[in-house]
Each structure stands twice: as C-alpha cells, then as structure tokens.
Amino acid sequence: MATLADCWEDGIDSADDDSDSEIQPRVVIGREGVRISCRHAKGTLHEFASSLTATDEFFTPTPIFFGEKRDESFRATVILPSSVRPPIARWAMSRWHATKGRAIREASARQLEKLAVLPWVTPQFKNMYAVGKADGVNEDLLPPGDLLDLAAHQLTERRGDVAPALVKPTDDNSVMYAYQLRVQWHNAGMEIPERLGNWRELTRKRVAAIEKLRILTPEPLVGRVIEAVKEIPISASGLGRSDSRLGTVKVTLTPEGAVNVTGDFMNTIWAFHRQVFAKVDGGAVVDSWSQCQADRPFYIVSASTGDMVEMARILDAFQDDPRLLVEIGLTVSELARVEASPLSRTLAAVPLHLLFEALTPKQCEMMIDSEKHEPLGCALLEILASEYVWADQFDEGEAALEGKLTEERQAYVLRERVAYRGLMSTVCSAMQWRDQQSSPLPGYQVADGSAQPVLEGAARDRATAFLNALRTSTTSLVGVVFGEAGWRAGIALLRRLELIPEDEVGELVPHSAVGGRAEVDAMGLPQDIPPMVRDYLLRPPVTYDTLLIANGLNVPPIGGYEFRRHPWLLMEAFTHASVAAVSPSYSNERLEWIGDAVLGAVVWSKLYEEGRATLSSFIDYTCNFHLARVAVLKLGAQNRINVLSVALQSAIGRYVRELHHDEQPVPKGPKALADCVEAIIGAIWLDAGGSTGEGWDAAARFIRDNVFSLELAERRPAPRGGPGDDGPPEGRRRRRARRRRIPGLQADDSGGQTPSTSSSTPARTRAHLNRNDQAVFVRDLVARLGNVEELLRQLPGS
C-alpha cells in the first residue's frame, strides 16, 4: 500500500532560480511534512498517477496537460484520471505566465496541493475506490456474529400457528365438518423385493382401510387446502423420504358438509381416534378430546360408518403402525397452517402446494423436493446482486476488477445472510419444522422419560440445521415465485425479504461510460476554463463510444439483437484478455461476469418452465462445450473475436475446422469462445437497460434463439492413461507413443501409422515420408480427386 507521501521526496533544490518566485505555490507541503518545490511537481505528479488504475480516458494513467496561449502569455490545465475522488481534486489550472514551463509547473504544484489534503491510500494493482468505498464488503450486508444464538432462541420460542379451521373447539361445540378420504397408491413399475412382500400386503390393507375413513375439523377447510392436498405425495410406508420402496400415495379430500355432534358423539369418535393412533412411537394420545392442547391443530379421524365390522378391520390395519395416517394428518394440518400464514396471503397468486414444497426442508423427511426450486431462486438473487454491485462500482465510470465485483456480490448471496433474512422474516414462522419434542397429532403426549435432554452441542447442531433449512426455504420460495409469477414478482419478494435493497437499481451505466455532466459540475470548474478541456471531461476521446462515432462504424446485429444504446459493448465482448494486456482497451471479463449470472437465471427459468429443471440439463446448456458451439455455429464469433495469443488462435481454428467438417468435436471447446457468448449476453443486458428496462426480455430472447435452439451434441470423453488402461506402465507407453507420432500419419488397426488423408497435412511433412508411404499417400489423394485430366491441364507446364 502506497500513500501519496511515498511518491514524494525532499524536492527543495538549491539550484532553483528566481524565475519560480511568481509561481503559487512555489513549495507544496504534503502529508507527513513532505516538501517539494514546483520544479519537481510534474515528475512527482506522474509518479503518483502511475499508481492509479486505468480508466476510460486514461488507459495509461498519466496526467494530461492542456496549454493555452494569449498574446505572449501561457496558461496550463492538468487533468487526472477519474479514479481520483472527489471530482474537484481531479483538475488544476495555473495563472497566466510569461513562459510555458512556468505555467506547467504551477498547474502541477496546484494539483499536488489539492491531493495533499486528501486521505489517500492508493493500492497497487487494485481498483481505486471513491470516498466511502473501502476494501472489503459492506459490513451492513453481513449477518450478526451471534446468528447461531438467534436461531437457537427462535427454536426455543417457536410455536407454530394453528390454522383457523383446526383450532380446538369449545366444549359446547355442536358442528364438525367431515371430509371423506380417497387414496391413490402410486407403485406402478416399482420392483418391490420379495422380502417386503408382507409390507406390500399390509400397505394394500391400509390403503383400503383409509378409503373407509374421514377427517372431522372444527371449521371448514378452504378450497386452496383441499386442492393442494391431492398434489402432495406421501410415503406409502409412512417413513417419509427414508423409505420409498413401497411407492407413494396421494390423498383427496371430498367434502361431506357439516355434521351435528353432541358430547357423547365426540367422545365416541375420539375413542376410535385414540385406538387408531394407539401405537404411536414414544407417546400416546390423551383419553379425552377436551384434554388436547389449544396450541396444536385439532382434527379427529373417524370411520365413515358405524359398522362395527368395518371399524374392526380399520383398527386391525393400523394396530401396529399408524404412521401413514400420521403423515396424512400432518400434511393436511401443515397445508392449512401455511395457507393461513401472512406469507401465503401475500403470495396468493402462487399455488399452495408449491409454497408448501418450498417451505418444507429435507429435515422433515417428506417425499417432496424443496431443493428443486432452490437453483432458480439463487440464480435470480445472483443476477440482482450483480446489478447492485455493478451499479455501485460503475455509477461514476469507474473500472472495478472482476475479483472485486465477485467479492462484493458474495456479500449479497452469502449463505449466512440469506438464512438471517429468512430468520427475521415471515418465512421463519411459515416454514415447516419437525421437532422431536412435539407432534402435530392432536392429543399426542410424549411418554414420561422418553424426552431426551438437549445438550449444549446438540443445541448448536439444531440451530445450524434450522439455519440451513431457512436458507433453503428462502431461496426455494423465491424460485417458486419466480417460476410461477414471473421474474418481476421474484424481484419484489427479494426486496420484501430485504435480500436486495428496496430501491431500484436504476439505469445501469456501462463501466466505459463517463460520469456525465453532473460529475463535471461537481468539479467546480471556473467559467473561463478552455472549452476543449470541458469537452474532454464530458467526452473522453479514448473510449469506444467516440471511436465508433469518429469512424462512423455501425455495429451489425448479432444473434437477432441490435445494439442501440452502447454499441461499443459488443466490441468489448469480443476482446480477449490477451488484447487488453498490451493495448488501451478493456477485456470481456467484466461483461462475462454479469453475463454468466444472466445466462444462469434465464436457463434455469426456461428449464423450470419446461419441467426439466435438473442440474444435468442446466450444465448441458451452460457448459463451455455447448457455448463454444453456439459461438461458432450461431454467432460466428471465430471471425470477430480479438485475440493476441497464437496458441489460442490455433486452438480456435482447429476447433472450427472440426465443427465444419463434421468431425467429432473435442471434449470442450476453447473457453475463450464460450466467454464471448457470456460477454455478449452481459452486453445485451446492459444495453437493454437491465432489470428496470428490457434486459430480461432481450436476454431471454437471445438465449432462446441461440443457446436453446442449437441441438445438444454428445461429448467425447478425453483419453486417459492409468489403471483403466491395463495399468500405469501401459498408460505411460501409450502416452509416449502419442508424443512420438509423426504429424500427417494416423494409427491403423494394427497400431502402426499410415499416411493421413486430411487435406490439412503440411507439405513439409509429406516430403519426409518413405517411398512406400508416399505411394499410399498419392493413391489416396488421387482417389479423392475428381477429373484428373482437367487438373493436369491446369498445372504449370502442362
């Protein structure tokens, strides 16, 4: 870390003449008491500027001097790169002097005087941040240090809300609402082992018994709950995710209307309910329904008829294991609770069974997969976080590095932060969580002595598991809303959960754009500043914008998209890092950074819409192998990419030849081509206005027409030596043989080498073939020719 003082030395020169006496200031006193005369101000200023990061108008960070002449007087103005903050410290102007050198020295000294009072720290090879932007991430985004303690306290105080339809009735209640159970057992195509034959028969008996049961609730269930129940799969064994060998069942609730009840009738059906659940592990059901706890859901499972024979069969089916009925009751009560939560009312447009899936973590061991929605939610969060980081870093034309962008974005998508926001929102109360100390079964009580004390280490483990479940449920919930109600609804939920700022990000400024007139006004320029200086500050001459305007270039559409606002972004998208290393230009790394986030979100959204949102499908469309093919076959990127690497150019050329000659492509295409596709997507996102403009529609259309429209190809595995190739020694011999293989020859079936028929075989290679090989080579070549006589007539001397 270098400060401005490190660039200064004691510059008081005894050889200074009296001609500098008119310069103000003649001596600049900087931080730490460093003194320098105006004679050394220009050199010091150059040394200091060299430590700054390149910007749009200063690809090589050096001060720029503008000179004016009036009669026999001279005046100089110096301008520093836009990474200098505040803007008023970016320029300095001398007075009128008799000589040009004196004007330059005074302008340099005045510029140093402005810099001397700034709290400068200028990192070498790192981005220069504005005032208020320090190294590291924004601490306001980070979760508190006692997050585990907060989660543990929330678990201790957690009490699930009871749905209005399942609130325990009063003793004088006279009406209950009945719902007949109908079950579909989905076990078609499953091979059940013979040792599970008894289980299969028991399951068949239990499914048949459930058809004779009904559930009685104190109040009627809402229609969303009845529709959602039949969409939730339940393990036929009642063991949840841990055992799906017997398939799944889906339950349908058929409303039968209100049932008049009396005290004796309630006691009778409760007695049957108690016998059904007599074998619940670790506890028992209370003797009377009036003893049920009021803070738990209340319902009664009873027989549809009073036939004693049927009731005996039902009890016989569940006398050893009522867990399937427990799971059915749990599903109904939890769906009713989620539907009554504030979160569900806010997201009324989203199907209830999908909300239930998102709010059911794996810890609950149910047959639904909440994590299938998580990638879509994470992708939307990542793209919005990328936008806010981009706007924060480039709002005034700065030039942040890709590593800094990733570091800032990580603060938004940090796992602990997402879990903390879920803990502090309505997701925490709506999420399903199963605790060993309680059960949703009405009237259930843990047997004395069966409850295990919670140790300190176990409490922390429970808190960690609870936070992980909150993180998964929060991102899955965003994914569900994104997939069902659209990306704008997903963004609104992210803001409601405070995962991103409530304010819209606004118009995204590409990083090669200047700050604009507002920033120039903040410089406090005098009225008599030269117009050329003011125009320079408004429109730096060395940007892609002005280059395009000066050369009159029109950027053609690519992949069906036409750049209108920032056409130079397409040029940057094709600029490889090897070019930026030796020329005044930006590489496509920054555009690739935001384009990668956009591509991920659009691909996940498309796969979710088509019902195939799996990780393997996502990789198929976003891997370098497929994107490189898109770059060549759809975009023609091989003809436009700007590369200054001979090896990379050769790799691209070889890859293109293989594609166009219908040869089997290499396992992965050149990463530079895939990076171009992601950079183009990022450029389209910025040019179309991002999330507040038409960025999503433009990027989705481009990806649909180019990435998804190209048929997936089969990848060839790369050859490997080792144990799979008859042992390591044989693998090494094969690798040595490949290294010794003569260019222009190909291996035959016997392991030898024969002349290749490839038209790209160099002539110098053919000249070194032996006589027999030459004869074979010529025969193959003539066989591939058409009219030999016509070819001979065209040869010289024929």
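## Helix packing, a three-stranded sheet and a buried serine

In this predicted model, helix H22 (residues 589-609) and helix H27 (residues 695-708) have axes that come within 10 Å and cross at roughly 70 degrees. Angles of 65 to 115 degrees count as roughly perpendicular, and H22 and H27 are therefore roughly perpendicular to each other. On the H22 side, the contact is made by Val598, Leu599, Ala601, Val602, Val603, Ser605, Lys606 and Leu607. H27 contributes Trp696, Ala699, Ala700, Ile703 and Phe708. By character, the residues of this contact of H22 with H27 comprise eleven nonpolar, one polar and one charged.

A second element is an open sheet of three strands in the order E3-E4-E5, with antiparallel pairing. Strands E3 and E5 are the edge strands, each pairing on one side only. From one strand to the next, the twist averages 15 degrees. E4 and E5 run antiparallel and are joined by three bridges; Val78 has Ala92 in E5 as its bridge partner.

The strands of the sheet are located as follows.

| Strand | Residues |
|---|---|
| E3 | 64-70 |
| E4 | 73-79 |
| E5 | 91-93 |

Ser386 lies in helix H11 (residues 374-394). Because its relative accessibility is 0%, Ser386 counts as buried. Leaving aside neighbours within four places in sequence, Ser386 is in contact with Arg409, Trp593, Ile594 and Ala597. Ala597 is 211 residues from Ser386 along the chain, yet the C-alpha atoms of the two residues are separated by 7.4 Å.

Key
Residues are numbered from 1 along each chain as its sequence is written. This is a predicted model: local features need pLDDT of at least 70, side-chain atom pairs count only at pLDDT 80 or more; totals for chains, interfaces and linings use all residues. Side-chain values use heavy atoms; hydrogens and water are left out. Axes are lines fitted to C-alpha atoms, for helices over the stretch in contact, and angles run from 0 to 180 degrees between N-to-C directions. Helices (H or I, at least four residues) and strands (E, at least two) are DSSP runs, numbered from the N terminus. Angles under 35 degrees count as roughly parallel, over 145 as roughly antiparallel, 65 to 115 as roughly perpendicular and the rest as oblique. Contact means heavy atoms within 4.5 Å. Ala, Val, Leu, Ile, Met, Phe, Trp, Tyr, Cys and Pro count as nonpolar, Asp, Glu, Lys and Arg as charged, and the others, Gly among them, as polar. Two strands pair if DSSP finds at least two bridges between them. Buried means under 20% relative accessible area, exposed over 50%, partly exposed in between (1.4 Å probe, protein chains only).
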